[in-house]
Amino acid sequence: MLTDFGKVFIFFLIGGLFVAAGLIAAWVIRPKRWYPSKLSTYECGEIPVGDAIVKFNIRFYVIALIFLIFDVEVVFLFPWAVVFKNLGMFAFIEMLVFLSILFVGYAYVWVKGDLEWDKPAPQLPSINSKQLKISTPQTTPD
Amino acid sequence: MELLISVIKIVVVMGVMLGIVAYVVLLERRLSAAIQNRIGPNRVGWQGLLQPIADVVKLVFKEDIVPLKSNRFIHDLAPIISLAVALTTFAVVPFGDKINLFGYDIKLQIADVNIGILFILALTSLGVYGLTLSGWSSNSKYALLGGVRSSAQMISYELSMGLAVLGVVMIAGSLQLDTIVEAQAGWKWNIILQPIGFITFVTAAFAETNRLPFDLPEAEPELVAGYHTEYSGMKFAAYYLSEYANMFVSSAIITTLYLGGWQVPFVHSFGFSDFWIGIIQVFGFLTKVILFVSFFIIIRWTIPRFRYDQLMNLGWKFMLPVSILNLLITGLVILLLS
């Protein structure tokens, strides 16, 4: 007896086999004429500078954290939605309470500015004293 | 016997689906040409109908370039994840009612999983890995930026997607896609019952498939080709195909959830035999899906790309509250009607 997930697994296997077969067929047929400059990383034709695995913006991490919280919320909502018709008013109020607690968190994140992708430029400390004023040399365009 | 029927069904569905996906590529090229007042590919076969085959033959013969600095294993694995996941999502979508063929009752759905919608959401999340791993393993700046962007974008819109679906689940009272389609018999389509949910879900589907108003992960002017910059030959073809497979599968899911699935209104009033009604319903399903795919394509060629902060603001500050509001309104209406 094949369960439904067994069928899904067979579907996945056949799909994966199809892709792998295509890649292997291409590996047999295609030419292989490599030389070092062909195998360099693409950077608009220039010689690549440095490594690509570098630090990237913290904003992506914050978004991932917020996503985690709300995704768990959605998971909790699924069983609620399935039995909603049978439970009626009780389920509705229960979920209102749950959502309002989450709403506090959402409002906090919004006020803190973590949903803001376009952050204002950081204010650098400046010296106001007249004696220390440094004049930058003016360059005139040719 | 049951196993044999299942395997035959899977092979036939997979073949038909890949055929349709290949021709969706041609459809996009011809339709975009029509929109931009060009002719488009029309030389290979009648009206360019053999173009997909010519494309595959060309790509098979292309050299596969893997940059020396990349992580070879993950670089090879990522397109397989991407395409296999995109194809597998279709396994739970019902494309017709039961049909009687050679004395066997065949259900026109590969697997009637009892948690259908959760399964779809889970697989869409897996799709993120294909893109992110490709971006990371290429060890190229453009690819990395594309991969990181795509993961941030997809997780942001997944929330609104899940919340929008909840309205449909509440109306049908089940996570099974089969039951959801049967609950939409006649004209009780969820697009009429859930207009806000429909718009939210479609917008999120555009973002999940990285289609144009949201195609930041592969924004050509800034990121060359985004996450698949370092891919060539058959692996590039796998990514290309997976984009269109994603589009086809999300259209199928939208059809199932909101446009009545395989239900064709008034089909029973013409007096066809059960067998022919089954066939008409399958074609009705395919017609709806292809029309929706065309909608995806028309949107791509008429609307410009968002900026990344606009995309994030739309996802977090607009779509999320609206979908929660839709959930509460649906709950209230169900309570008042019962």
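Is A:Arg30 buried or exposed? In this predicted model, A:Arg30 is buried, because its relative accessible area is 9%, and the cut-off for buried is under 20%. That makes A:Arg30 a good place to start looking at how chain A and chain B meet.

**Around A:Arg30**

A:Arg30 sits in the loop of chain A that runs between helix 1 (4-29) and helix 2 (58-82). Leaving aside residues up to four places away in sequence, A:Arg30 touches A:Leu23 in its own chain, and from chain B it touches B:Val60, B:Phe61, B:Lys62, B:Glu63 and B:Asp64. With one of these, B:Asp64, the side chain of A:Arg30 forms a salt bridge, at 3.8 Å from N to O. How many salt bridges are counted between chain A and chain B? The count is one.

**The wider interface**

Now step back to the whole contact between the two chains. Chain A puts in 62 residues and chain B puts in 79 residues. Together the chains bury about 6,700 Å² between them, and 77% of that area comes from carbon and sulfur atoms. As for polar contact, eight residue pairs across the interface of chain A and chain B fit the rule, with both residues at pLDDT 80 or more.

Which elements of chain A give two or more residues to the side that touches chain B? They are helix 1, helix 2, helix 3 (84-87) and helix 4 (89-112) of chain A. Helix 1 of chain A supplies the largest share of that side, with 16 residues. By residue type, the side of chain A that touches chain B splits into 43 nonpolar, six polar and 13 charged residues.

**Chain A on its own**

Chain A has four helices and zero strands, so to speak an α-α-α-α run from the N terminus on. Of its 142 residues, 27% count as buried. Take the contacts in chain A between residues at least 6 apart in sequence: 47% of them join residues at least 24 apart.

How sure is the predictor here? The mean pLDDT of chain A is 80, and 88% of its residues reach 70 or more. Among the elements of chain A, helix 4 has the highest mean pLDDT, 87, and helix 3 has the lowest, 84.

**Three loop residues in chain B**

Chain B has some loop residues worth a look too. Here is where three of them sit.

| Residue | Loop of chain B | Relative accessible area |
|---|---|---|
| B:Asn37 | between helix 1 (2-35) and helix 2 (51-60) | 71%, exposed |
| B:Ser138 | between helix 4 (116-137) and helix 5 (141-172) | 0%, buried |
| B:Asn210 | between helix 8 (195-208) and helix 9 (220-223) | 4%, buried |

The two asparagines both carry a positive phi without being glycine: phi is near 60° for B:Asn37 and about 55° for B:Asn210. Their surroundings are another matter, as B:Asn37 counts as exposed, whereas B:Asn210 counts as buried.

What does the side chain of B:Ser138 reach? It goes to the backbone oxygen of B:Ser134, at 2.7 Å. Not counting residues up to four places away in sequence, B:Ser138 also touches B:Pro67, B:Ser70, B:His75, B:Ala143, B:Tyr227, B:Glu230 and B:Tyr231. With a relative accessible area of 0%, B:Ser138 is buried.

Notes. Residues numbered from 1 in each chain as written. Chains lettered and ligands numbered in written order. Heavy atoms only, no water. Buried < 20%, exposed > 50% of the residue type's maximum accessible area, 1.4 Å probe, protein only. Contact = heavy atoms within 4.5 Å. Buried area = accessible area lost by both parts, 1.4 Å probe. Salt bridge = Lys/Arg side-chain N within 4 Å of Asp/Glu carboxyl O. Polar contact = N/O pair within 3.5 Å; in protein donor to acceptor, adjacent residues only side chain to side chain. Nonpolar A, V, L, I, M, F, W, Y, C, P; charged D, E, K, R; others polar. pLDDT = per-residue confidence, 0-100.
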